[in-house]
Each structure stands twice: as C-alpha cells, then as structure tokens.
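Biologist: Can you put the model up? I have a few short questions about it.
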Amino acid sequence: MDSLPPLATGAHATHCERCLLGLPSSQVDIDPSKMALAFYCLGSLDLTSQFANESTKAQNKEGWRQWIWEQQIKGPCGTGFRPGNYMSTSGEDTNYSESSENSPHIILTYTALLSLAILRDDFSQLDRPGIIKVLRACQNEDGSFSSEPYGGDADVRTTYCAFVISSMLDDWSGIRLESALRFIAGLQSKCPLMSRSYEGGYGQVPFAEAAGGPTYCALASIYLAGKGSCLTDRERKQTIRWLTQNQVSPGGYCGRTNKEADACYCFWCGASLLVRLNETLIAAFVP
Amino acid sequence: MEEDQGLFADRPEWADVVPIEQYEGAPPIAPIFYTPEYKDATNYFRGIIKTGEKSPRVLDLTENVIRQNPAHYSAWQYRYKTLIALNAPLDAELELMDELAVTYLKTYQVWHYRRLLVQQTNNPEPELAFIANALQSDAKNYHTWSYRQWILAHFNDDALWRGELAFVEHMLDSDLRNNSAWHHRFFVVFQSGVREGDEDRDVVLRRELTVVKTKIAIAPSNASAWNYLRGMLDHSKTPYSTLRSFVAPYSVPHPEQHEAPLEMLWTLRIPSHHQGLNYHASQQLNSWRISMKPPVEMI
C-alpha cells in the first residue's frame, strides 16, 4: 500500500477550535445535540495534545467548563445535563426546570461528563444522587432507557450511556441491570425482545439489523457491567466473525454487511473487537 | 405546506404573544449564527412554551420550526402534546409526516414522532405502503426498516404479516445484496412467531434452504446470503455438515487444515470483496481455520 500522508494534526485542531467559537446557520440541527459536538471537539483537541502543551488558552478552557456546568439541570425526575441552552429563557432555569422542553438528556449527560473530564474538572459541582435518580426515571419496563425522563427514543445507545455514567460514578443503583441486559442480549433467557441479530452483531433496537455502532454499545455495556461471561463461546466467535467480515478492501470497516466502508465504523467495529479483548486480531489488520 | 407569511413578529395574529430570546449565560460553546427567520420562530416558540398555549396556531409555529430544523426535539415534542390536547385529526398529521419523513429520512425525531402518532390512530395498515415507498428512495435506510419491524411486531396483526415475504422477495429482486432485506426476511420467517401456513417448520426450513441456495448460486460472494444461511442453520440447530455437498463447490481445501471439520472450513470462503486485505488476517485467523480465499464468481 502507498504510504499515507501525515495526519494534519494542527489543521484538525484548528478546525475543532473554530467550531467551538461558532457555527454557521446551516448547522442549526446541531443545537439539540450541542453537548455532543462539544465533546467531539474537546476530545479532538485533547488527543492532538492542544491541552498538554498549553496552546489552548486557560481562559478558553475555563469558559467551556462554565458553559457545560450551566447545562446541569435539576428537575422533578432528577438531575442531568441538557443539550445546551437553545430552549433556555432566563438565568433561573439553569438551576431547576419542570419543563419537559428543558430537561436532562442521558446521552448528553454522558458527553458532558466526559468533556468535563477532558477539561480536568474536579466534579465538585456534580449532583451525583440526582443523576442516579434520573437514570432510574429513564429506564423503561422493557429494560431500555429513554433519552429523557419524559420520553424520547430508546435504543442501545442510551443503554450504553446509562451504563458508562453508572460506571464512572461507580454507582449502579440507578439501573435495573437484569432487564437492561435482557434488552440488549437476551442473555440465555429466551427473551423475545433483544437486540442481538443472527449475524452476530447487534441492532439499535430489538429486531433491527446488525450494525457497527449498536454492536459497540451493546458489547461495551455488557462488559462494563461485568457480564461478559454471560455470552457463550459460540456467540463470542460469531460476533468476532461478523466484525472481521465487515473489514473491506483496502482496510476500512463497513457498519453493516454489504455496505461501504466509513471512517466512523472503523471506530465502532475496531472498538468492538477491542472490547472483546482481541488486540492481536486487530494488530493483524494493521498494514 | 405552510405558505411563506414572513416573520411571526410581523403577523398581527401573533401580536399577543411575547417572544422570548434564547438566554445566554456563560459564553456559549459553538454558538450558531441563526438566520433571522429561525430566531424569530424560536423566540415565539419559547414564548408559547412559557404560557403553555396549545392551539391550532401552535401547529403552524411548530411546523415552521421543524421545517427550519427537523432535529428540534422540543418542537416535535410540543407539537405532539398540542395535537393530543386539541384532539386534532391525526390522519392529516400523518399525511404531513409522509412528506417530512422522506425529506428528513435520517432524522431520529421524524420516526419517533411517527410511532407516537400511529399508536394513537391504532391504524398501522397504511404504514406498510408508506414504508415501501420511503425505501424506494433509500433501500437500506436503517430507521425505515426498523420502523417496519416495529410496526409488524407492535401491532402483530395477521393481515399485516401476510404480504411480508412477497415484499422481501421484491426488495431482493432489485438488489440481491441488500442486507436489510435479508435481515427482514430472517425477522419475518424465524424471529417473530409462526404465521398461518408456516406451522410445519420443516417445510419452512426446506423452503428457505432452497431460496438461499438459489440466491447463493446467482451470487456466490454475497455475504448477506451466507450469513442468512448460517443464521437459519443455527436457529434450527441443523448441523452445518448436512450441507457438505452444497458448500463443497464453493470451497477450496485449506492448505494446512485437511482434517478440519466442515463446520470450521466452510465459514470461509465467503465474500470476495474482502480479497486482498486479508492475507495477514487469514494467517492470524488460522486458529479458527478461517480461510478468506475468494470463491469464483459464477456470474
């Protein structure tokens, strides 16, 4: 294979910093997931060592932290982070809101906590019991989690975020673990509702096609909960087979059988293989 | 579709609503430079939320916001609450959604909202035709297929299931490598209970074997078909070795694994588009006796 051009680290970092400064009106659909965008940008800046070598001004970092904390919102169902202030009408609602239009969101709570960690926050302002409470409020009868306490879509992405939050806070009391796992994997019980597919990957919701992103979310959740041993050897091999089959020429991964390769699936499928502790297998794919 | 009537701030019928600007506290991360039209509509939307108004004009307003930003979660949510509060005709709403869903095919909110509506109307039947139509513009769209599976499983009505196999056949006819269609076939045949006429599972299994073998013969490198075959054998606990004579022509003996059990060997040979990448991998995978040498395409 021809040698690849060097990664334009500096240019990527500049791009991320520019996004944090502002986005054009064409990006308006980012508003309800602003906290996720923040996480991607801050994560990229951290990975490109922009924080370590002090090239990012301390003043910026302080401002970002402040903004993220401003999105921590309490409500009757508990505490969490909201997407941003796009529905915010005054300074008051930054502390407490009963409005379902201005409520905490599980996926964005996950990205907020990670962003704060990237900014080396000490988490002294975190309402831990409130967050556990909101997880409890979001879990549905079938074991899945809605993205918000007042409803919203429920799939393995939300389950994954709920599991990571519990793991980071080292407190699993907000989750009914058995039913959450049943939603993902069926786990030896003959459960009709499960996201695992006959191909060996996992779908985003029960009965859906195996796809890279949900597979990572499902596997990472199972392993974060310390339940890896619940998967049979056969299931494990079937999953690894499907994941490796998703690698297509000249090396990228596709997210579903017979689809085109895409950079994001290199992450989801690659990370899934890592979760299954198959570093040697991945190493074999590195040219 | 709503006609362009200019800014809400200029409309007399909105004069009684106090628009509320978005509050900015700490210097915002990634502020979006909104267009004047978007600022205007969302200012009025925040104003409406504050008073809790649920009236027909809120439907105009939320449609306006959604058309400018289909990902605006709160606008969808509030629109739904307003519809229910007004006891508005949901069939008309679904018609509007037919247009929006196809325009914003990849937006989560569109599909979530549609589920809420159909649960209210309790009339899933027109949905199958709508989905078939949506799949014409994107035959592998994940949301669309999941929605079809949800409709079938949630309402679980015999009349709904009746045409599914023919539908899958139709989708596979236009693209034999459409994995979403293969997945749907597995869902319909094996995962969702036993349909009328399919009570004899041996007959079903033989029928599916014939189907998949025929389709493999047409395109031997089609990973979707092989995965389906494995899936159905696993599901029915049929030993792989029963297919030795079918698989053999598509296989080459593994150089070091003459004695390997067939279960292991025939994994393999599958998708030819993996050719080239996987020499190192196949070395590594030897422990599972997976050979990735491509089979000969028959077409």
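Modeller: Here are some notes on cysteines, a strand pair and one whole chain.
This is a predicted model, where local features need pLDDT of at least 70, side-chain atom pairs count only at pLDDT 80 or more, and totals for chains, interfaces and linings use all residues. Residues are numbered from 1 along each chain as its sequence is written, chains are lettered from A and ligands numbered from 1 in the order in which they are written, and side-chain values use heavy atoms, with hydrogens and water left out.

Biologist: How many disulfides over all chains?
Modeller: The count is 0, where a disulfide is a pair of cysteine sulfur atoms within 2.5 Å.

Biologist: Why is Cys41(A) without a bond?
Modeller: Because the closest cysteine sulfur, in Cys16(A), is 4.7 Å from its own, too far for a bond.

Biologist: Is Cys41(A) buried or exposed?
Modeller: Cys41(A) is buried, at 5% relative accessibility. Buried means under 20% relative accessible area, exposed over 50%, and partly exposed in between, with a 1.4 Å probe and protein chains only.

Biologist: New topic. How do β3(A) and β4(A) run?
Modeller: Strand β3 (residues 146-148) and strand β4 (residues 151-154) of chain A run antiparallel, joined by 2 bridges. Strands are DSSP runs of E, at least two residues, and helices are runs of H or I, at least four, numbered from the N terminus. Two strands pair if DSSP finds at least two bridges between them.

Biologist: Which residue is the bridge partner of Ser146(A)?
Modeller: Ala154(A), in β4(A). The two strands form a hairpin with 2 residues between them.

Biologist: And how many helices and strands has chain B?
Modeller: Chain B has 15 helices and 0 strands. Of its 299 residues, 55% count as buried.
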